[in-house]
Each structure stands twice: as structure tokens, then as C-alpha cells.
Amino acid sequence: MDYDVIVVGGGNAAFAAAVSAKENGAKRVLVLEKAPREKRGGNTHFSGAVFRFIYDDVSQLDRFVPNAERDYPGFHKGVQPYPVAGFREDLMRVTQGRTDPELSTVLIENSYDTMCWLQDVGKHQFELAISVMGVRVGGEVKWPRGAMIRTVHEGVGLSKTWFETAEKMGIEIRYETGAVRLTQAESGRVTGIVARGPDGFATFNAKAVVLASGGFETNPEWRLRYLGAPWDHAKVRGSNFNYGDGLKMSLDIGAMPWGHWSGCHATPIVATAADYGVQNLTDKTNRLSYHYGVMLNVEGKRWVDEGADLNSFTYAKYGGMILKQPRSLVYQIFDSKVVDLLEPRYSTTEPFKSDTLEGLVKQLDLDHEQAMKTLEAYNRAANHGGPFNPAVLDGVHTEGLEPKKTNWALKLDKPPFLSWPVTGGITFTFGGLKVTQDAQVVATDWKPIPGLYTCGEMVGGLFHYNYPLGTGLMSGAVFGRIAGRAAARS
Ligand SMILES: Cc1cc2nc3c(=O)[nH]c(=O)nc-3n(C[C@H](O)[C@H](O)[C@H](O)COP(=O)(O)OP(=O)(O)OC[C@H]3O[C@@H](n4cnc5c(N)ncnc54)[C@H](O)[C@@H]3O)c2cc1C
């Protein structure tokens, strides 16, 4: 079976590559999706589908959200520009300066143009991500810069539209067909894929292969191997098909590992969440409003500055820190002053509730005496600076307390008090492959492997330690589009 371009995977990065390959002249494009049709779409299906991208002027957002001013008066005046320097500063800050300088430049500088391409060629529709990114202050909604736009129907819509667009363009899709290994000519050029489908093994030949089969977040053995304990016990927020197959196939033919192989994206999720993402619950297990409250571990202690930064810049690393707390269990505690600020996702599980802090703590499975001491000490130290503003780093802080809380440190004093138990759920892994600026995979001799490209979670080097919300899908779209174009022309 001969193709121009074969794309491995059925997520955002894979379809950006497949559609781009077709757009750039590849006649026969094949997408191999390991999952069955009803579980297709990888992590992309589960995602909140928020995209982070640059714009020098808020009017550049009008093509995506033409009714923003009508629906949220003051939108144009309230949204700050997000130039190249702003995105770079955020990425550098959260990755402690370790993001790959060349690849991050490609990502950032192509982000706006790729959003336009997603709309024009991918046929995606966008909206403001009011439920997760909009913060109501008085009568107005405040928006963070850079990451506030998502696809309509979130990841479900993003994934569905990709499949529809690809089918309309004549791209062939095979479900339940998992790539197993790459084939190579004696010259070293990649010539295709061996895959296992419903009828057994088959070889698919192609002029170029794009691997977009995600990271190794679903694989407990690799998680233990690269991330260490207790990651083998982590709940998986998304797809249960991302076992690192594409990474393994590439490493087997000499591809160069690149980036932060002991790092991953993980977030606070409800403690009772299922072991893998649930197809119709998508990302509703997230519990990301902890910056308006405090978090106690089962020893009854605070263990982190809940208000160190906007939650979009802390959530991806706090999940891992929660997983490493005793019993991987933490209680988020709020009072009624902030309850209206909690993301709507909190309403998908019932909290513990009481009119007194003592009454609340008694219901939680932790050290009650220590928890009360911690909460009383917190209340004595809170409420310095301000005024309180939920939409910005407001400087309301604790004094004389360890760990400190740097922003939104209001006293817990207005009943009823509420608590949600959370654990850390893994989203995706940071370790990947080294690629050129054309998304071509580089071998351990520092030379590109002819005919082999990659994109999405498989690209190494962009994320270290932490991650700015909305960058995974943007990276998948940018490098997928580039990979598809380069593969079509290779
Ligand atoms: C709950 C949740 C919420 C998220 N929210 C956001 C958000 O709002 N914004 C954002 O930017 N990012 C978000 N992310 C992260 C984002 O979803 C990922 O970064 C992105 O989807 C990765 O795209 P991908 O195409 O690389 O991988 P995936 O979308 O995971 O796709 C991988 C594909 O490869 C397939 N596959 C695996 N092995 C094989 C094989 N051997 N052969 C063939 N196919 C194979 C899988 O079945 C799957 O279809 C979220 C993730 C989750 C889980």
C-alpha cells in the first residue's frame, strides 16, 4: 500500500500534519489511529481546547470572536496585547529558562498565523473560554492575555472538526490500526510503517512519515522509568492509548531523545476521578481555583504557596506536587467570599460543607488537630496588602507564615466553608525527540533522518518543569502544520 504521507495518531497534531500535507500537494495521505472510532482523538478530545497565541492588538482577535464586545462589554478596552516578547517571557519564566530557544521561537512566532490557518483551512470555530479563563470582577469580565480563546465545544469540537475536515479533503483514516515500527531503506531513509490492524500486521509505504502519537503518559512502566515513583500510580486525565509507541519506534532507529524526560504536565483533579479520562466527562475533573483558598495535605499542613502566580502558570506543576504529598491526597478549602469565583467545573462533585472550620475539618480524612492549627495560623497571617482583585496578582499576602501565600490571601472567615479532595492527574509528558525547525526528526549523529517528521507531544525541548496553559495544542498545530508541509515536499 503506497502513500505520499502517512501520519501516525488521531489528535490535533496529527490532523494539522495530515491537512497541511494535503494542502501542500500530497495526493495520498493516510492517518493511522490506534484507538477505535468511539475512542478516537487522543488527548485532544479531552482537552479544554484553549489556545495560547500572540497578537499585537486586540482587534486581531475579532476574526475568532466577532461578538466579544457585544457579549462582554469592555472587551476591547480590557484585553492587553500579547506580543512575541510576552509569550516568550511566560514560557521562559515557567520553564526556568530551559525552553529550546529555536523551537520556542518557531512556536511563538507562528502562533497567530497558525490560528488563522486553523480557522481558514482546518474549519475550526472559536469562542471565548468564559468558564475557565474569564474572571468576573464587579459587573465586568476580565480576561488574561494570551490564552482566552478555545474551539466551540472544547476538545470534543476540536477533534470532531479535524476528522470532518480531513474526510472532506479525501484523507484516508484507519481506526484500530496501531503503528508498530518504522521501515527504512539501506540509505537510512524512512520508507513507511508496519502497523497492526483488525486483520493483523500490514506494511504501509510512504515518501514520508509523520509521527504524532502523543507522549508516554498512559504507560505506567515508562512513567516509573522516567518520572519515578509514585507516577506509576497516577491517574491519567486523558487518552488511554498514548504509550510512547512513536517515541519507542523512533529511538529504535536512532532518533535523539530531547528535552525534559523526567518532566510532565499534571493538574489537581478530583480524588475520585477514574483511572483514565472518561470520554464524555473530558476535562471536568480539574480543580484549578486553589489560588483563592488553601490546600492542606493529610498531615493537616499547607505545603505550597497557593497564590504564587495566576493558576494558568502553576496548575501544570501543582498536580505533580499533590501526587507526591502523603497518600497523594490534598484538600482544597474555601470560604463563601470566593465561592462564586470557583470554576463551574467544581459543581460536578459535591464538596464537604460546614458553617464552622472545625465542622468542616472533622469531615476530612486528615490530621484534625494539625489542620485546625494550620488554618488558625493562616487566618492570623492573612489579609495584608491589597485590595483583593481575583483577576490580577493582587498582592494580598500572608505575613510571618511558612509557606507564605503571595496573592489572594484572604482570611477564611465567611461561612459556610467548603472543601474538595483532590489528587494529581497526569496530562502529558515533556520528554520527546529532537527536531529541526522543519519538524524533521534528528538522529543521535545530529543529522536529520530522511523521511521522518514529528509533532505534538512527541516534540522534545519546549517544556521543562512547568507549562503555560494553552501551549500544548498551539505547539501541536504549529509543528503539525510545518511537519505536514515538509513531509509533502520531501
Ligand atoms: C483533560 C485535558 C485537558 C487539556 N486542555 C488543554 C487546553 O485547554 N489547551 C491546550 O493547549 N492543551 C490542553 N491539553 C493538552 C493537549 O490535549 C495535548 O497537548 C494535545 O492534545 C496533544 O496533541 P497530540 O496530537 O500530540 O496528542 P493526542 O491528542 O494525545 O493524540 C495522540 C494520538 O495518537 C494515537 N496513537 C497512540 N499510539 C499510536 C500508535 N502506535 N499508532 C497509531 N496511533 C497511535 C492516539 O490514539 C491518539 O489519537 C489538555 C489535555 C487533557 C488530557
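**Close-up views of a predicted model**

**View 1. Helix α9, residues 154-168.** At 1.5 Å a residue, the 15 residues of helix α9 should span 21 Å, and the C-alpha atoms at its ends are 21 Å apart, which agrees. The expected span of a helix is 1.5 Å times one less than its number of residues. Helices (H or I, at least four residues) and strands (E, at least two) are DSSP runs, numbered from the N terminus. The structure is a predicted model, in which local features need pLDDT of at least 70 and side-chain atom pairs count only at pLDDT 80 or more, while totals for chains, interfaces and linings use all residues. Residues are numbered from 1 along each chain as its sequence is written.

**View 2. The two sides of α9.** The residues E154, G155, L158, S159, W162 and A166 of α9 are buried. Seen down the axis of α9, these buried residues fall within an arc of 145 degrees, so they line one face of the helix. The arc is that of the directions from the helix axis to the C-beta atoms. A residue is buried if 20 or more other C-beta atoms lie within 10 Å of its own, exposed if 12 or fewer, and partly exposed in between, with C-beta atoms placed from the backbone. On the face turned away from the buried side, α9 carries the exposed residues E164, E167 and K168. The buried residues of α9 pack against α1 (12-23), β2 (29-32), α2 (42-46), β7 (147-151) and β8 (172-174). Two residues are in contact if their C-beta atoms, placed from the backbone, lie within 7 Å. G170, just after α9, takes a positive phi of about 85 degrees.

**View 3. Domain 1 against domain 2.** The domain assignment of the chain gives domain 1 (2-216 + 430-489) and domain 2 (267-425). Such bounds come from an automatic or database domain assignment. The C-alpha centres of domain 1 and domain 2 lie 32 Å apart. Across the boundary, 21 residues of domain 1 are in contact with 16 residues of domain 2. On the domain 1 side, the elements that give two or more residues are α5 (84-94), α8 (130-133), β5 (135-137) and α9. Of these, α9 gives the most, with 3 residues. The residues on this side of domain 1 divide into 12 nonpolar, 5 polar and 4 charged. Ala, Val, Leu, Ile, Met, Phe, Trp, Tyr, Cys and Pro count as nonpolar, Asp, Glu, Lys and Arg as charged, and the others, Gly among them, as polar.

**View 4. R93 in helix α5.** R93 is partly exposed, with 14 other C-beta atoms within 10 Å. R93 and Q332 are 239 residues apart along the chain, and their C-alpha atoms are separated by 26 Å.

**View 5. The shell around the ligand.** The ligand is surrounded by 42 residues, and the closest are G11, G42, G238, G456 and G472. A residue is near a molecule or strand if its C-beta atom, placed from the backbone, lies within 6 Å of it. At least two residues of the shell come from each of α1, α2, β9 (178-184), β18 (417-429) and α15 (471-489). The shell divides into 13 nonpolar, 23 polar and 6 charged residues.

**View 6. Helix α15, with 19 residues.** From its first C-alpha to its last, α15 reaches 27 Å, close to the 27 Å expected at 1.5 Å a residue. In α15, 18 of the 19 residues are buried, so the helix is largely enclosed by the rest of the structure.

**View 7. Helix α14, residues 368-381.** The 14 residues of α14 should span 20 Å at 1.5 Å a residue, and the end C-alpha atoms are 20 Å apart, which agrees. Its buried residues are A371, T374 and L375. Seen down the axis of α14, they fall within an arc of 95 degrees, so they line one face of the helix. On the other side of α14, E369 and E376 are exposed. The cover over the buried residues of α14 includes β15 (294-297) and α13 (357-363). N383, just after α14, takes a positive phi of about 75 degrees.

**View 8. S354 in strand β17, residues 352-354.** S354 is partly exposed, with 16 other C-beta atoms within 10 Å. Leaving out residues up to four places away in sequence, S354 touches G359, L360, Q363, P416 and F417.
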